[in-house]
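Hi,

Here's the structure I said I'd pass on. Have a look at it first, then read on for what turned up.

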Number of protein chains: 2
Amino acid sequence: MEIDIRRRKIGLNFNEKGAAEIYLWAPYASNVSLFANSSELNLIKGDFGYWYLETSTVKEGDEYYFKFQQSGETEHQTADGKYLSRADPASLWQKEGVAGNSTAFNLNNFKWSDQHWKGLPLEDFIIYELHTGTFTDRGDFSSITEKLHYLKDLGITAIELMPVAQFSGDRNWGYDGVFPFATQNSYGGPEALKKLINKCHEVGLAVVLDVVYNHMGPEGNYFNDFGPYFTDKYQTPWGQAINFDDANCDPVRDYFIENVLMWFRDFHVDALRMDAVHAIKDFSATHILQDIKNHVNQLSEYTGKSHQLIVELDLNDPKYINHPGTGGYGMDAQWVDEFHHALRVSAGQEPNGYYADFNGIEHLAKSYNDAYVYDGQYSPHRGKKFGAKASANEGKQFVVFSQNHDQVGNRMLGERTSELVSFEMSKLLAAAVFCSPFLPMLFMGEEYGETNRFQFFTSHSDKELIEAVRKGRKAEFAAFHSGEETPDPQSDETFLTSKLDWNKLSRHPHRNLLQYYKALISLRKEHKALSILNRNNIKATSLAEQNCLILQRWHEDERLLC
Amino acid sequence: MEIDIRRRKIGLNFNEKGAAEIYLWAPYASNVSLFANSSELNLIKGDFGYWYLETSTVKEGDEYYFKFQQSGETEHQTADGKYLSRADPASLWQKEGVAGNSTAFNLNNFKWSDQHWKGLPLEDFIIYELHTGTFTDRGDFSSITEKLHYLKDLGITAIELMPVAQFSGDRNWGYDGVFPFATQNSYGGPEALKKLINKCHEVGLAVVLDVVYNHMGPEGNYFNDFGPYFTDKYQTPWGQAINFDDANCDPVRDYFIENVLMWFRDFHVDALRMDAVHAIKDFSATHILQDIKNHVNQLSEYTGKSHQLIVELDLNDPKYINHPGTGGYGMDAQWVDEFHHALRVSAGQEPNGYYADFNGIEHLAKSYNDAYVYDGQYSPHRGKKFGAKASANEGKQFVVFSQNHDQVGNRMLGERTSELVSFEMSKLLAAAVFCSPFLPMLFMGEEYGETNRFQFFTSHSDKELIEAVRKGRKAEFAAFHSGEETPDPQSDETFLTSKLDWNKLSRHPHRNLLQYYKALISLRKEHKALSILNRNNIKATSLAEQNCLILQRWHEDERLLC
């Protein structure tokens, strides 16, 4: 199966004649049939383990699944020689969740009205990270739509959706997804997502989508029945490593490249935020990220739009964001957690855990000046010299924040900043982010000082898994001895109490803080010394004894001192 | 411990005052003492797990060892809280082998007489790979010296020694070394190696040394008692992966950087051949190979000489040999096994095992033109697309050969080419190598058609290990069903029958072949169309049906057609 930049080929897709074309990669199967509309249709075996079918029997909205016999050739098989029935690994819609059948969805039927939308230059991104399930009471895409004017009014320019790929149950941060092409059913499915994105573009907001290409979730994960999606060569903290460089990796690589292309081309997503790319292990001569970038460049030529790739990266290695011409992978931007860590220690955070590497104000100044705090020095927390200098990279290549879903939710109790620091400090933190020469990001509710916690929640159905997650979470925080109980990830309450409480908006001091955020964002937009992200025109100086930082930024005649 | 380009710091070294300075990295120890001359001397604990001592008690030639108590802090310890006695992991001399004490050796005492030797430009390397133990009857460095005039007369410009780092027993290919700084005792130890290198330079031969930085051998391997030299993050086919990027990797990195520097600076080695660098897994922002290169550059400034780094690489990834300015690791050259494979299939080798990827003459032409045969195409043997184009790299960055220790010795019976192909084909293979725009390498004895096999041999003392190696070797070739027995790696005979038989030199057809090799090498040196390795001035065309290859090379007005 060759990738076609113009349309999705993996999975079930409708062609121009309205017929369904199916490509399934199932090298472990000795025969494959598709069940739909009470019919069984045989797929034809092609090269490299792909199975193919073109049929008019399947219509949009039809449920379908695959039945196949294990060929018995490999050690990975769970049911040697037996027949298995499985949903489509490239399913676009799992109406009944991860355990149900797939539903045929036509990617080309949506009536887009965002033709005027030309995308957003990277340097103009002011990102608002949100979790669909807890952003609103209804917890779905359509209710986000109702908040777009609020967000526009706040001044942000892009929303970033935490992962929406189908996960088990109704409640999950999204990093347990097992159908990378399917939009979460409890959020409203693919049609609702398209409507949301279309609406965002109508009001002039870009959309960033968080995608996970470093592991797959536990429940509903049947990839090993189909083929070698995983490799034992490497480990990840969250499960089997995805096979990007072992034997038979090409279809796996293509699967994820197809996924990237789909979000940009068929869902009009403006940028992807790729989760923890340091956990993507690939020793191929062409790294999968560069391979993705090459395909996205081709797509850009085809669509005439720019499609941004932003990565979460814990390596302080500018190779990831360098241009391919200088040996880089060509990612457009990356998150800088170190800015956050230095900022939070400056604001009083105890230097425990990963904060141990940060001394506060001096390191914050270093991050303003150099993006990476550790760019070759010895890191006590990691026990080694860490990082390399990112001097040649532009300011717009770094995303900074004073909190995000991880930094909040990975605390035992999920306390947001507003619960941990004073009102005045909240303002200072915001100013620190918006005055930076990098791309600012806020986490939903931050702008009005939401105090509801953002906790870790799941809704698995497998009892052993539920217990394992509970225990894991408790064990993670066993050392804290806080006296408080770790919230139960599986309980309804943990989820429900994590939702934003929009009623706060009308109350003091929340209304005040919101006005402050609006003013800050508008200040940043108005002053070129702030909005033009020229790293040559910045100087941060720390006065450690006074715990004080002097930040100078300038553009032509305009000078700003913070 | 900071690396000092000018002198070795790790291990036991004598300073200008004649006192011994000792640096030992032993983060798992709670106290360390050195035993020498019936004295026990306590080492002082420094930063980062290093222990230090300066003493006049230890003199050159003294035996010494370390005694230390396990601190009981880590899971890696074999003897929690117990006292252990161990040789120096950075020992220069293990007179009694891997199980004995270390012997203090002064790196600065040798009287070099190679001041006239200015080194060899990379493009002039014509390499002769040899295994010290089987090259001569005596199997040591001093007897190599007796062959230098023969080698010089043959026309080669560099000898390449298979690894000489101390391994268990007297007989081993060298890839089971466990003291990377110690020169094999059965070969004559460090003084004898220096004499050999000095002699090589006197007669005008360069010396390449094979070093192994991807794993450590099994017997005499006590690294885990000292500290986290290994990591479980990755696997290698030969044992635990070396810790180049996990916590506490800095002293491990420095250990190998010190090793590189020592061979160049203190042994006057001209080039290192680094074994299987694809098995060195390192996700640091600065890859260990680039780190090594940076230090070697500093050393070159200090010594005024060039020090070449040649890698064995099975990734077809030019990043390794690209300049650091373009994101490369800056290695000077690499082996191209694919040239060998294509050549051998062209010469009648059955396309089984890794040969399955090669179609013979067409692939050989591709290798002449592009160095890598697979530079992005699908490789059936690997089951994936493999490699990237090396178009920007120079001819002198690739080492080619028609056989080497691995390709010979990794056959079940260790047959050399001369046993497998006709006399005329032997000549053709040699011509194919010497007419290439790359650096040619031959394997000892090839030049006169040695027919003694080069078999896999060991001389471990641990019975379980001996049995495991025997079984492993048998299992590796179980599928061959050749009717012949796999030679026993541990037996004396397997080693002795692998030695070169120099008496053949006076007999037909060996004498004839030797004359042919001499003529070929001299032809290559005389004709700039051959010796100038300009990849723009070459064209290889294959005629698959005739199994014929037309090779054109030119330089200015000179044109050569083969």
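Which side chain makes a polar contact of 2.5 Å with the side chain of Asp210(B)? It belongs to Tyr175(B). Keep in mind that this is a predicted model.

Let's stay with Asp210(B) for a moment. You'll find it in strand β14 of chain B, which covers residues 206-211. Its relative accessibility is 2%, so it counts as buried, the cut-off being under 20%. The side chain of Asp210(B) also has a polar contact with the side chain of Arg273(B), at 2.9 Å. Leaving aside residues up to four places away in sequence, Asp210(B) touches several others, including Leu161(B), Met162(B) and Asp275(B).

Now hop over to chain A. Ser284(A) sits in the loop that runs between β17 (271-274) and α7 (288-303). Ser284(A) is buried too, because its relative accessible area is 17% and the limit is under 20%. Its side chain is joined to that of Asp282(A) by a polar contact of 2.5 Å, and a polar atom of the Ser284(A) side chain lies 3.5 Å from the backbone oxygen of Phe244(A). Among the residues that Ser284(A) touches, again skipping those up to four places away in sequence, are Arg253(A) and, from chain B, Asp317(B).

And how do the chains relate? A turn of 180° with a shift of 0.0 Å along the axis lays chain A on chain B, with an RMSD of 0.0 Å. That is the relation of a two-fold axis. Also, 100% of chain A's interface residues are interface residues in chain B as well, so the copies meet through the same surface.

Cheers

How values were computed: Residues are numbered from 1 along each chain as its sequence is written. Chains are lettered from A and ligands numbered from 1 in the order in which they are written. This is a predicted model: local features need pLDDT of at least 70, side-chain atom pairs count only at pLDDT 80 or more; totals for chains, interfaces and linings use all residues. Side-chain values use heavy atoms; hydrogens and water are left out. Helices (H or I, at least four residues) and strands (E, at least two) are DSSP runs, numbered from the N terminus. Buried means under 20% relative accessible area, exposed over 50%, partly exposed in between (1.4 Å probe, protein chains only). A polar contact is a pair of N or O atoms within 3.5 Å; within protein, one must be able to donate a hydrogen and the other to accept it, and residues adjacent in sequence count only if both atoms are side-chain atoms. Contact means heavy atoms within 4.5 Å. Copies are superposed by least squares on the C-alpha atoms of residues with pLDDT of at least 70 in both.
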